[in-house]
Amino acid sequence: HSQSCQARKGAASACSRPASRDRLTVDFRAWQDWLCATVKETGVSITRADNKIWLTLLMAAVSGILHWYHITTLFENNSHFSHLSALEREMVFRTEMGLYYSYFKTIIEAPSFSEGLLMIMNDNITEYPLVINTLKRFNLYPEVVLAFWYRMYTGMMNVIGISTKSCWIVNRGEGVSPVESCEGLGDPASFYVAVIFLLNGLLVSVFFIYGTYLSGSRFGGLLTVACYFFNHGESTRVMWTPPLRESFSYPFLVVQMLLLTYILRSPTVNRGSLIALSIVNALFMLPWQFAQFVLLTQMASVFGIYILGFMDSCKLQMILYAHMASLGACFILMFGNSMLLTSFYASSLVVSWGILELGPKYLKNYRKDIPLWTVKGFAWVFGTITLKWLMCLILGISDDAHISNLLKAKLIGYKDFDTSMYTCALEFDFMEKETPVRYMKTLLLPVVLIIFLVISMKTYQYVLTKICNEGYTERQEDHFIRGEVVYHALQLVIFAILAILVMRLKLFLTPHMCIMASLVCSKQLFGWVFYKIQPGTLVVAILAMMAFEGIANVQKEWSIVGEFSNLPQEELLMWIKANTKEDAVFAGAMPTMASVKLSTLRPIVNHPHYEDAGLRARTKIVYSMYSRKPAKEVKSELLKLGIDYYILEDSWCLRRTKPGCSMPEIWDIEDPANAGKTPLCKMLSKNPRPFFRTVFDNSIFKVLEVRE
């Protein structure tokens, strides 16, 4: 019985197996067919999209590599950096560049990274005898990150047993001792500039993507990059001065503006884009104290498109929250830096938020005697200035008072000692008359002016239509009125005004003009032209005309060939290291003090980072050696600062960039009682006794001992 049951059971199972197998086979084949069809359909669309994306990314990468090679070659051609000694490389980083690099050097030479970090956070060398947190004061996060990377890199290479640098002896000619020169990423200065050049190579990759996205065409990205190369000398100075804060910070501003463009263009705003905006915003602010003023101009432009009706209040509110989050993060990371809280930028965020929250309540019964956009615009300007003034008054902060005074000097001719120190520097003068001429020769200015005029006309038509017809609604095909193009036009106007007032700020204007040039390919603006001519043909024609002067500009940059040498300063630094105590305190011209701190590690009382009110007061005392005051009075003030040696430079006594700009003339503004007397520096250069004693002297520098 059991056998028959087993036989039946076996027969039943044997019969059921083919049926189940057939069913599984049919199901599997159906699933396989569906999967193949889906993958094929999706793959085709992905391949099509990927082909476009990969081509764009490839062109962006090529642009970045070309710019990296360009600036690396220009830097090497100018200074022959690869063949300099360690001391000479440090001297290449003159003025504030040397100050910033000195903290990178401190961290990498410390026993450990954490000890180096503590050393720069409790620094008693930079503003002797004060102990200051330089990470808070000088925006040194780039140096901290680079020092960490350098220690990681050299540590890993040492463990693996791979050499990171090669050294040799360089003969510098007759009468000059040979020096050891090292090349490779194991050399601190070479590693430092290599990372900077890599970052600024990536900057041009972002420019290509930016121009492509803004214009909707890869030809737009190509035009942006070409304009940047053709106007390179007006766009950046990273190839001459790598360690400046803008070299680390500006690339993140371009990424931030690209993200903002994406947010303004998108009908709905997703959380990811706002988080990205906030993070990149912080990365832009952390390396550079001037970033807050740039972001103020951005908020003015964004608020401008809001009051003109190109953006709704909800989107503006989300952008404000992203900015506020990044400002709060920077405030914490900068150890409560009060300049962030009392900045015009912070005030503008609060006032913008207040207008959004309180505006509907107080303006609901508003009579339209004056346009509403005028009322909101006036409220924003007045509120920002008033809140900024109140915050400075409450917190007792005056560190950025020199910025307001600088604007007063530009607009109404205001003068004082600190303001003259800025306005007498060429980079803070008004824009050169030759700059617009150079823009004209490369056709950048004519192209951008045409684009700006078209945007202005379309903006005027849209605003007028909206005012005259309140029932006007956005047409589905009219993408122009989403506001990103108007934002770029407003930002261009503000950058132009700043560049005209302060020549240094053309470093914002020129790249933005290059981005704006991409809009030649925009169907929103020039669709009517593309019915008659292809965008590619138009771009090729424009580039051909630009190339005449543009290629000449590039060749001119490549023709700059030199070799760095500063024997008088080298003699000075070697003498200080050999003949003074490690705790000897030095004072002198700000650029020289940065080199003294970097290369000799001696304490200094003043330095080139002029943004702090206390430091400006110290520098004024130090620079009294170039005034017409009595030597006894000047020496008394120097001794109060604990100065042991003063480095006097005749060039600072005699140099005059323009009328009223020699140091004695600047002091005449501050000290009119002594005007007309012989400058003290002139007397001391002949005979420093009885108040000072000369202990070192060469063709440029004279070291005076300040004795009791």
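**Exercise 1. Find the contacts of W240.**

Leaving aside neighbours within four places in sequence, which residues is W240 in contact with?

*Solution.* Leave aside the neighbours of W240 within four places in sequence; the contacts are then L74, N78 and I560. This is a predicted model. Next, place the residue. W240 sits in the loop between α9 (232-235) and α10 (245-265). Now take one partner, L74. W240 and L74 are 166 residues apart along the chain. Their C-alpha atoms are separated by 7.9 Å. Last, check the exposure. Partly exposed covers the range between 20% and 50% relative accessible area. W240 has 24% relative accessibility, so W240 counts as partly exposed.

**Exercise 2. Decide the exposure of V92.**

Is V92 buried or exposed?

*Solution.* Start with the place: V92 belongs to helix α2 (residues 86-92). Then apply the cut-off. Buried means under 20% relative accessible area. V92 has 6%, so V92 is buried. Now list what V92 touches. Not counting residues up to four places away in sequence, V92 touches F75, F81, L84, M97 and F564. Finish with a distance. V92 and T241 are 149 residues apart along the chain, and their C-alpha atoms are separated by 8.8 Å.

**Exercise 3. Check the lengths of two helices.**

What span should helix α11 (residues 271-285) have at 1.5 Å a residue?

*Solution.* The rule is 1.5 Å times one less than the number of residues. Helix α11 has 15 residues, so the expected span is 21 Å. The end C-alpha atoms of α11 are 21 Å apart, which agrees. Repeat for helix α16 (residues 372-395). Its 24 residues should span 34 Å, and its end C-alpha atoms are 34 Å apart, so the two agree.

Now look at the ends. N270 caps the N-terminal end of α11. A side-chain oxygen of N270 lies 3.2 Å from the backbone nitrogen of G272. Just after α16, G396 takes a positive phi of about 65°.

Then look at burial. The buried residues of α11 include L274, L277, V280 and F284. In α16, buried residues include W380, T384, K388 and C392. An α-helix has 3.6 residues a turn, so residues three or four places apart point the same way.

**Exercise 4. Build the sheet.**

In what order do the strands of the open sheet of 4 strands stand?

*Solution.* The order is β3-β4-β6-β5, with mixed pairing. The edge strands are β3 (586-588) and β5 (692-697), each of which pairs on one side only. From one strand to the next, the twist averages 30°.

Take the pairs in turn. β3 and β4 (residues 645-649) pair in the parallel sense over 3 bridges. F586 stands opposite Y645 in β4, and A587 stands opposite Y646 in β4. β4 and β6 pair in the antiparallel sense over 5 bridges. Here Y645 stands opposite E705 in β6.

Now ask about the faces of β4. In a regular strand the side chains alternate between the two faces of the sheet. From β4, Y645, I647 and E649 point one way, while Y646 and L648 point the other way. Of the 5 residues of β4, 5 are buried.

Add the helices. Helix α25 (residues 567-579) lies across β3, β4, β5 and β6 (701-706), at about 30° to β6. Helix α26 (residues 590-600) lies across β3, β4 and β6, at about 155° to β3.

**Exercise 5. Spot unusual backbone values.**

Which peptide bond, with omega near 5°, is cis?

*Solution.* Begin with the general pattern. Most residues other than glycine have a negative phi, and most peptide bonds are trans. The bond from Y128 to P129 is cis, with omega near 5°. P129 sits in the loop between α4 (113-121) and α5 (134-137). A cis bond also runs from R689 to P690, with omega near 10°. P690 lies in the loop between α31 (680-686) and β5.

Turn to phi. H80 has a positive phi near 55°. H80 is in the loop between α1 (2-79) and α2. T95 has a positive phi near 50°. T95 is in the loop between α2 and α3 (96-109). Check exposure: H80 has a relative accessible area of 28% and is partly exposed. T95 is partly exposed at 28%.

Definitions and conventions:
Residues are numbered from 1 along each chain as its sequence is written. This is a predicted model: local features need pLDDT of at least 70, side-chain atom pairs count only at pLDDT 80 or more; totals for chains, interfaces and linings use all residues. Side-chain values use heavy atoms; hydrogens and water are left out. Two strands pair if DSSP finds at least two bridges between them. Helices (H or I, at least four residues) and strands (E, at least two) are DSSP runs, numbered from the N terminus. Axes are lines fitted to C-alpha atoms, for helices over the stretch in contact, and angles run from 0 to 180 degrees between N-to-C directions. Contact means heavy atoms within 4.5 Å. Buried means under 20% relative accessible area, exposed over 50%, partly exposed in between (1.4 Å probe, protein chains only). A polar contact is a pair of N or O atoms within 3.5 Å; within protein, one must be able to donate a hydrogen and the other to accept it, and residues adjacent in sequence count only if both atoms are side-chain atoms.
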